[in-house]
Amino acid sequence: MRKLLTVLFLLASFSPAMAVDFHFDGYADFRLIVPSNQESWQNGLLGKLRYGAEDNKPELRLAEAVGQAVVLVTPELMGLAVIRIEPEQRTFFDFLEAYLRYRPVSTTAWRWSVKAGAFFPPVSLENTELGWTSPWTLTPSAINTWVGEELRTIGLEGMLEWRSEARTIAFMASIYGWNDPAGILVADRGWALHDRVTGLIDRPREPDVIAYATHVPEPLYTYEVLEIDDRPGWYAAASWDETGLGKLNLIYYNNEADPTAIRKQVAWRTDFWNVGVSTQIGNVTLLAQALTGETLIVPSKFFFSDTVFQSAYLLAGWNISENWRVAGRVDVFSNSEERPFPAGNMSEHGNALTAAVNYLPYDWLRLTAEAIRVESTRGQRTIEHLNPHAIENQIQFSARFYLP
């Protein structure tokens with residue numbers, strides 16, 4: 001995997017003899033944080049926010065630095081690589097995406113393209129900016145937090161578009177591998193809300209209570225990128241973008257994992273439906289998504305775990321002026337687990353409220369203030385001698401400096 005990523009990055013970044021056009025963008029994001037008083041999932045506990053500590057004292061830190069290299073080898077062939085430096089990741093830098101895309105020049109209403117490499121599936125309506133970030137908030141919805149944590153397409157995606165002045169209709173299909181662990185976090189830890197996307201080399205942390213239950217030392221890490229059963233997954237998606245009205249997205253995702261297969265860890269058979277809608281009313285943008293899915297493991301004839309998970313959100317963003325924009329979002333989420341015997345109660349339900357104010361005085365600077373409140377009930381917390389019901393509050397002030 002590291003060799004593949006290195007080759008793709010070199011193709012996207014260091015091809016001056018071939019390249020017609022080369023472009024590099026990036027930013028560094030510094031944060032002043034007032035964290036939640038619930039210990040974060042990053043520390044192996046069950047807090048749902050990125051930053052949490054028992055003393056919840058304000059903290060100043062580098063959140064991340066991201067760079068994106070794009071090279072246009074020919075008018076039809078593009079290479080892209082996104083790398084990140086972030087304090088918590090395993091390596092000094094990591095890849096978020098690295099792929100090649102071939103899109104022939106079209107002179108008709110039809111256009112097609114194919115890309116190969118590692119990239120995000122077309123699920124998110126929020127995360128449309130550099131580094132898979134949102135123009136509205138620092139923290140994405142629970143849905144897109146999970147996408148950033150556990151889903152990365154490593155394979156091929158084809159797209160067919162039909163365009164007119166009034167609308168664009170697109171169909172996408174993909175075949176991929178190395179995503180057999182997808183589902184483990186939403187089942188073992190539950191939903192979360194944070195902007196720490198898992199890099200392709202990184203490994204997300206499991207809750208310490210899972211280490212206790214499986215009698216292994218903590219910290220316990222899982223995989224985002226791992227092929228376990230040697231059979232591919234797939235997704236199919238469609239979108240309808242109507243000028244002056246809005247956009248509708250639909251995707252079905254199935255990693256086709258064998259829930260009985262084990263290689264380093266058990267494979268989680270995960271599939272879901274996601275629907276998203278966006279529209280513009282004057283200076284106000286409305287985004288809504290809903291996702292429902294299931295993840296299953298059967299590691300032995302004596303045990304299984306079957307989790308049904310759902311989440312939805314509604315976001316309203318207001319472009320007040322060229323320099324100011326504000327946003328508010330409401331999230332709801334839940335999951336329900338079945339297993340042959342009760343242990344820890346992995347089911348949960350909850351909601352979240354997010355408000356953010358963005359000020360962009362210059363092209364190279366974005367200042368953001370964000371407050372988020374998450375209320376959730378999860379019986380698993382009792383294993384850590386915590387109240388199963390928790391309310392978490394987090395405030396962040398971000399200064400994001402872009403390359404000029």
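This is a short dialogue on reading a predicted model, starting from one residue and moving outwards.

Q: Let's start with aspartate 29. Where is its place in the structure?
A: Aspartate 29 sits in strand 1, which spans residues 21–34.

Q: Is aspartate 29 buried or exposed?
A: The idea is to compare relative accessibility with a cut-off: buried means under 20%. Aspartate 29 has 0% relative accessibility, so it counts as buried.

Q: Which side chain is joined to that of aspartate 29 by a polar contact?
A: Here you look for N or O atoms within 3.5 Å of each other. In this model, the side chain of arginine 31 makes such a contact with aspartate 29, at 3.0 Å.

Q: Leaving aside neighbours within four places in sequence, what is aspartate 29 in contact with?
A: The list is Arg61, Leu62, Ala63, Glu64, Ser398, Ala399 and Arg400. Strand pairing is a good thing to read next.

Q: How many bridges pair strand 1 with strand 2, and in which sense?
A: Strand 2 (residues 59–72) pairs with strand 1 through 13 bridges, in the antiparallel sense. Within strand 2, glutamate 64 is the bridge partner of aspartate 29.

Q: And how many bridges join strand 1 to strand 18?
A: There are eight, and strand 1 and strand 18 (residues 389–402) run antiparallel. Phenylalanine 30 has alanine 399 as its bridge partner in strand 18.

Q: Turning to nonpolar cores, which residues have the most contacts inside the largest one?
A: They are Trp146, Trp191, Leu193 and Phe272, in a core of 45 residues. Helix 2 (residues 142–150) gives this core its largest share, four residues. Another core lies apart from it, with eight residues, including Phe95 and Ile201.

Methods
Residues numbered from 1 in each chain as written. Predicted model: local features only at pLDDT ≥ 70, side-chain atom pairs only at ≥ 80, totals over all residues. Heavy atoms only, no water. Helix = DSSP H or I, 4+ residues; strand = E, 2+ residues; numbered from the N terminus. Buried < 20%, exposed > 50% of the residue type's maximum accessible area, 1.4 Å probe, protein only. Polar contact = N/O pair within 3.5 Å; in protein donor to acceptor, adjacent residues only side chain to side chain. Contact = heavy atoms within 4.5 Å. Core = buried A, V, L, I, M, F, W, Y, C linked by side-chain atoms within 4.5 Å. Pairing = 2+ DSSP bridges.
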